[in-house]
Protein chains: 2
Amino acid sequence: MVPHLTTALTGPLLELEKQFLDRATEIEKWFRVQWLDHMPPFYGSTDLRNSGFKLAPVDLNLFPGGFNNLDDSFMPLCVQAAQAAIERICADASKLLLIPENHTRNQFYLQNVAKLVSILKLTGLDVRIGSLLPDITAPTTLELANGATLTLEPLLRSGSRLGVEGFDPCAVLLNNDLSAGIPDVLRGLDEQWLIPPLHAGWHVRRKSRHAAAYDRVVNAFAEEIGIDPWRINPEFRVCGEVNFHERTGEECLAHQVDSLLTRIRAKYKEYDITDEPFVVVKADAGTYGMGVMTVKDASEVVGLNRRQRNKMAVVKEGLQVQEVIIQEGVHTFETVDGAVAEPVIYMMDHYVVGGFYRVHTERARDENLNAPGMHFKPLAFDTCCSIPDCSKEPDAAPNRFYAYGVVARLALLAASVEIEETEPAEEAVA
Amino acid sequence: MVPHLTTALTGPLLELEKQFLDRATEIEKWFRVQWLDHMPPFYGSTDLRNSGFKLAPVDLNLFPGGFNNLDDSFMPLCVQAAQAAIERICADASKLLLIPENHTRNQFYLQNVAKLVSILKLTGLDVRIGSLLPDITAPTTLELANGATLTLEPLLRSGSRLGVEGFDPCAVLLNNDLSAGIPDVLRGLDEQWLIPPLHAGWHVRRKSRHAAAYDRVVNAFAEEIGIDPWRINPEFRVCGEVNFHERTGEECLAHQVDSLLTRIRAKYKEYDITDEPFVVVKADAGTYGMGVMTVKDASEVVGLNRRQRNKMAVVKEGLQVQEVIIQEGVHTFETVDGAVAEPVIYMMDHYVVGGFYRVHTERARDENLNAPGMHFKPLAFDTCCSIPDCSKEPDAAPNRFYAYGVVARLALLAASVEIEETEPAEEAVA
């Protein structure tokens, strides 16, 4: 079940990995104390890139949509972590309403929802699925390709409570990233737990705010463990006023791209890295790998043609791009069956519960893999991220993926900080 | 990795198992609410017997000594559960002192300690091992057969704190069941967490008190789920004044054996069971499978010969047997590679973290398997106890062992109740 993995783990990362393994006890202690101060998100996933000299998260998703890609052997970990999450947030809850994305034909996404429902049921929750889709006016059962079924039901709002017919839940779990903004039906649910909070949706979230929180988290961690934070942190710049259609903001973009590339070149020189630096220009809000561009020279963002501008201008749910983040590109040195691959790590509460590889047979190692044509390879349980192979602990299960679990949790911790800092004043919420 | 398992799962248990699977959500919810009221032990293990018509715990150990028998694939679950346990008891702890049994030659036990140490380290604790052995006067490193090493250190008592040289822990974890009573060095540790509490040791514990708590737990559970509690509860009787050497108390013993056998015959008749009923006579305090006798007729406990009396009179650490529990015998219908087997389920905090089979090639299915000559077969991860195979959840991993996890947790819950009820008044502790 372990994918054939050829990782170019040359000098520096082995050193980094070794440092993580040597200091696993301190690292875990550090995390334990952090989670006393910061409430972990209910769930999250992160895309990592491993260049051999740098291991960094490039995205943190608070509405993970790939539980179906987790190997079944991860299920007990998922259930155990979900139990911890439920106990932390609403231990007395017995009914939970799940609100998924508005997809009714995306088999992969629907299988994700089915997997999530089965995890939640096994924690002891009655789970029903409420749909935001206006055309779901009666319970609608979807037959999935893997034999599972899902019943979507119309939402019923009653005063400040949300449910479905005959079902008044204690908690509402969003698996919908709210890219289109907050539907009225979700506003003012003062009597129910809403997980994650509304302001964790992409109508509010900004990648740059997450990156800024990650900066601080990583700086504190790196100081504790004694590493250069750059080794696990992709640097970034921001342009706040870009309009690709109207061709405004190009100058800012070119300037920031150049500034970041200059910085990366200096760090590459410091570490004797001969790879060609690149940056990734992305919409600061939004997900699904849309509105993403790989750039190796500032001149590439000046005078974009119509196709390029159209591609960058609109992301999911037709959201217009105005703010742009320029993120240091991290080559991925990992391949699965000869194709370029990046690990995706899944977490519930503050626990790593599994992961898989996103694989793209037609992309290069300096390109975005979250694009049509990608596929997924489960990481089998042997290689899960919560136990390192410490040479001091010969009885611990061999595991090369501990470093992935560490970096993924740093990104999750940054998301906690980000959610705390963006929490609206109480009046605004109500 | 899955042992070849031939389980005689005839009618009634399949029905019981099906009831558990059908009501998994309610069962998990019931447990969740119970754990809000009752503090789970830090860890525990339970021996189950599965007769096909009855699935019952016959022992609950609060100082589990077989972590080494768990398949490595269970490690992530162990680490995750240990993190939850530490966060619950002493989230701010960073140093933990482990006090093991006084074995320095039992390789299996020492490998158990090494495995436990590695689990605890991976939760972010500095762990040192303090020995109660008087001949450990300096740090003593033991090389284990599996390549691991363990360093035992002499205990250092300083005022009301316990540690080892240069190590002042926040918490002290006992993996020593205190059969010999409470060593003075462990008394009055008012400033440190002592896990489990001293009164969970076998100098205080009585199997009958656990069985009485299990009665109540199971009655509440059975009512909730709608089953006959007898199906998961071995009945018991007690004799308080038995002296095998002086041949006193035989009458009480014979009377209680007869009374229990009569009761079992009635239940067997009710369920059309044709097996021959038996009871197990055990020391009410103590463990390690010592002082155990299988009895099919009351006459067998009258006029015991010297060998039998010697066998029953003394258990671990030379403790004299005075109180005796007579427990309903549960045949084990399970075999591994042709030998009689019983599942042993491991738990940390309130989570099932793994299990294995105790196998004895020379014992019958109505005999105690915890005896010289036994060996262990790991349950592989595929068959772990936290996820049921619900026909309603086609995407859940197949799992026939959910029922084991449920019954094991009922025994653990009974231990929580037992520990609460035996907690000494504050003055007595100090």
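# Exercises on a predicted two-chain model

The axes of helix H5 (residues 207-225) and helix H8 (residues 402-421) of chain A come within 8 Å and cross at roughly 125°. The model is predicted. Work through the exercises with the structure open.

## Exercise 1: a helix pair

Task: Classify the angle between H5(A) and H8(A), give the hand of the crossing, and list the residues that meet.

Solution.
- Step 1. Take the crossing angle of H5(A) and H8(A), roughly 125°.
- Step 2. Compare it with the cut-offs: 65 to 115 degrees is roughly perpendicular, and over 145 is roughly antiparallel.
- Step 3. H5(A) and H8(A) are therefore oblique to each other.
- Step 4. The crossing of H5(A) past H8(A) is right-handed.
- Step 5. Look at the H5(A) side of the contact. Residues there include Arg209(A), His210(A), Ala213(A), Tyr214(A), Val217(A) and Phe221(A).
- Step 6. Turn to the H8(A) side. Among the residues met are Val406(A), Leu410(A), Ala414(A), Val417(A), Glu418(A) and Glu421(A).

## Exercise 2: the six-stranded sheet

Task: Write down the strand order of the open sheet in chain A, find its edges, and place the helices that pack on it.

Solution.
- Step 1. The order is S6-S7-S5-S4-S10-S11 in chain A, and the pairing is mixed.
- Step 2. Strand S6 (140-143) and strand S11 (193-195) of chain A are the edges, since each pairs on one side only.
- Step 3. On average, neighbouring strands of the sheet are turned by 30° against each other, direction ignored.
- Step 4. Now add helix H3 (residues 75-90) of chain A. H3 lies across strand S4 (95-100), strand S10 (171-175) and S11 of chain A, and runs at about 140° to S11(A).
- Step 5. Helix H4 (residues 107-122) of chain A also packs on the sheet. H4 touches S4, strand S5 (126-131), S6, S7 and S10 of chain A. The direction of H4 makes about 165° with that of S4(A).

## Exercise 3: register of a hairpin

Task: Which residues of S7(A) stand opposite Thr140(A) and Thr141(A)?

Solution.
- Step 1. S6(A) and strand S7 (residues 149-154) of chain A run antiparallel, joined by four bridges.
- Step 2. Thr140(A) stands opposite Leu152(A).
- Step 3. Thr141(A) stands opposite Thr151(A).
- Step 4. Five residues lie between the two strands of this hairpin, and Gly147(A) takes a positive phi near 95°.

## Exercise 4: salt bridges across the chain

Task: Follow the salt bridge of Arg128(A), then examine the pairs Glu153(B)-Arg128(B) and Glu235(B)-Arg263(B).

Solution.
- Step 1. How many salt bridges does the structure hold over all chains? There are 40.
- Step 2. Arg128(A) pairs with Glu153(A), with the closest N and O atoms 2.6 Å apart. The partners sit in strands S5 and S7 of chain A, 25 residues apart.
- Step 3. Check burial. Buried means under 20% relative accessible area. At 7%, Glu153(A) is buried. Arg128(A), at 27%, is partly exposed.
- Step 4. In chain B, Glu153(B) and Arg128(B) form a salt bridge, again with 2.6 Å between the closest N and O atoms. Glu153(B) is buried at 8%. Arg128(B) is partly exposed at 26%.
- Step 5. Glu235(B) forms a salt bridge with Arg263(B), the closest N and O atoms being 2.7 Å apart. Glu235(B) is in the loop between H5 and S12 of chain B and Arg263(B) is in helix H6 (residues 250-270) of chain B, so the pair ties together parts 28 residues apart in sequence.
- Step 6. Glu235(B) is buried at 17%, whereas Arg263(B) is partly exposed at 32%.
- Step 7. Finish with a network in chain A. Salt bridges with shared partners join Asp47(A), Arg49(A), Glu342(A) and Arg358(A).

## Exercise 5: backbone and burial checks

Task: Find the peptide bond geometry before Pro196 in chains A and B, then decide whether Leu178(A), Asp272(B) and Asn112(A) are buried or exposed.

Solution.
- Step 1. The bond from Ile195(A) to Pro196(A) is cis, with omega near -20°. Pro196(A) is in the loop between S11 and H5 of chain A.
- Step 2. Ile195(B) and Pro196(B) are also joined by a cis peptide bond, with omega about -15°.
- Step 3. Leu178(A) has a positive phi near 60°. Its place is in the loop between S10 and S11 of chain A. Leu178(A) is buried, at 1% relative accessible area.
- Step 4. Asp272(B) has a positive phi of about 55°. Asp272(B) is exposed, at 69% relative accessibility.
- Step 5. Asn112(A) is in helix H4 of chain A and is buried, at 0%. Beyond its neighbours within four places in sequence, Asn112(A) contacts Pro64(A), Gly65(A), Gly66(A), Phe67(A), Asn68(A) and Asn175(A).

Key
Residues numbered from 1 in each chain as written. Chains lettered and ligands numbered in written order. Predicted model: local features only at pLDDT ≥ 70, side-chain atom pairs only at ≥ 80, totals over all residues. Heavy atoms only, no water. Axes fitted to C-alpha atoms, helices over the stretch in contact; angles between N-to-C directions. Contact = heavy atoms within 4.5 Å. Salt bridge = Lys/Arg side-chain N within 4 Å of Asp/Glu carboxyl O. Buried < 20%, exposed > 50% of the residue type's maximum accessible area, 1.4 Å probe, protein only. Parallel < 35°, antiparallel > 145°, perpendicular 65-115°, else oblique. Left-handed = near helix turned anticlockwise from the far one by under 90°.
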